[in-house]
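Subject: Structure handover

Hello,

Please find the structure below. My notes on its pocket and its charged pairs follow.

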Amino acid sequence: MYLKNLRLINFKNYSNLQLEFEARIISITGRNGMGKTNLLDSIHYLSLTKSAVNLSDQQNITHGENFFSIIGQFERKNKPEKLNCSYQQGSKKNIEVNGSKYDKLSNHIGEFPVVLISPNDTDLVRDYSEHRRKFFDVLISQIDREYLDALIRYNHFLKQRNSVLKSIVDRNKLNHDLIKVYDAELVQNGKLIFDKRAYYLTNFVPNIKKAYADLASHESIEIAYKSDFETKNPAAGLANSLRKDIVTQRTNFGVHRDDFEFLMNGKPLKKIGSQGQQKSFVIALRLAEYMMIKETKGFNPILLLDDIFDKLDDVRILNLNLLISSKNFGQIFLTDARPERTQLLTQNLEEELQIFEIENGQLMTKDER
């Protein structure tokens, strides 16, 4: 799959930008704060219907405007595909493919897959379990529609159950019949989510081990999946948690509390891993995500590399360069604040490289300067 051209209107710091992409590897160089990440984020938005940076769609609109639009012309399985994503302040976002709207936005997830590797990925190692769950949720949702549907239903009923628990303060009474209905939905959808997370992790681990070995070669890594649903009777576990749930006014049992522990040489990576080791791990994590999507979909997703060379030693940078220049990947967009580093890393490529230089939201090809 290739992105052939891109137009941004009122998206972040781009009031009106149109680009044509003519190579497999696209490099965007420029100083920090000029809009390199914003450009990659627009491609992420086209794929996943949301920003990788901003939680609110409103935050993606250029200051002083009331809408944004992202239009991309793709080539997928040798067929042209036009995506149009727009958001009007106060309205719902709109996604069109070849002029046709989706009945549900979730139907778009996985159709035009991308994998983004960014500096914030180290949060997957250092921060809360929520970040790690989100990583696997996004990955599995792009390759398994049944999983995505179950996840949407689970989160819906979890929100409803928590709302009932919070209402006790006002009503001084718990609706046990309603809780039982929500419990049944959480168990049914939670079981499917748990089973699929465990299944896909079994297939995922060999991919990340290979990717990490290609980058760093010597450390042993593993991922341990921990879930409340490991119990033989999750319905009983949820019911037994009700007293605590009433006190805390939230659901304390379920797959929304799952965690994926990242290990190096049998110990927690966040405790013993250096900055370089942690960054190598999350890059390998993303590359494994890429390979799983490719194997499942039968075509290459787009790979977005946002300023990933910092905190990597020369050996890891060289190994990463060899990986991304191989024919195992499709189209790649990479950003770097140091253009001389990008030129050095890509000077031995046996194919054309398209370089854009960015200044205050304006992009020029290297030949135009």
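**Charged pairs and the largest pocket**

Glu111 is partly exposed, with a relative accessible area of 27%; the scale calls a residue buried under 20%, exposed over 50% and partly exposed in between (1.4 Å probe, protein chains only). Arg76, at 14%, is buried.

This is a predicted model, in which local features need pLDDT of at least 70 and side-chain atom pairs count only at pLDDT 80 or more, while totals for chains, interfaces and linings use all residues. Residues are numbered from 1 along each chain as its sequence is written, and side-chain values use heavy atoms, with hydrogens and water left out.

The side chains of Arg76 and Glu111 form a salt bridge at 3.4 Å, N to O, the term standing for a side-chain nitrogen of Lys or Arg within 4 Å of a carboxyl oxygen of Asp or Glu. This pair links distant parts of the chain, 35 residues apart: Arg76 is in strand S4 (residues 67–76) and Glu111 in the loop between strand S7 (100–101) and S8. Helices (H or I, at least four residues) and strands (E, at least two) are DSSP runs, numbered from the N terminus.

By this rule there are 19 salt bridges. Two others are worth listing:

- Arg197 and Asp137 meet at 3.0 Å, N to O. Arg197 lies in helix H5 (residues 176–215) and Asp137 in helix H3, 60 residues apart. Arg197 is buried at 3% relative accessibility, and Asp137 is buried at 13%.
- Lys196 pairs with Asp144, the closest N and O atoms being 2.9 Å apart. Lys196 is in helix H5 and Asp144 in the loop between H3 and H4, 52 residues apart. Both residues are buried.

Salt bridges with shared partners also join Arg76, Glu81, Glu111 and Arg145 into one network.

Now the pocket. The largest one has a volume of about 1500 Å³. A pocket here is an open set of points on a 1 Å grid over the protein atoms alone, where a 1.4 Å probe fits, with protein on both sides within 12 Å along at least five of seven lines; lining residues have an atom within 4 Å of a point. The volume is the space filled by probe spheres set on the points, which are joined across faces, edges and corners.

Which residues are closest to the centre of the largest pocket? Of the 46 that line it, they are Lys50, Ser51, Lys134, Phe135 and Val138. H3 gives the most to this lining, with 9 residues.

Regards
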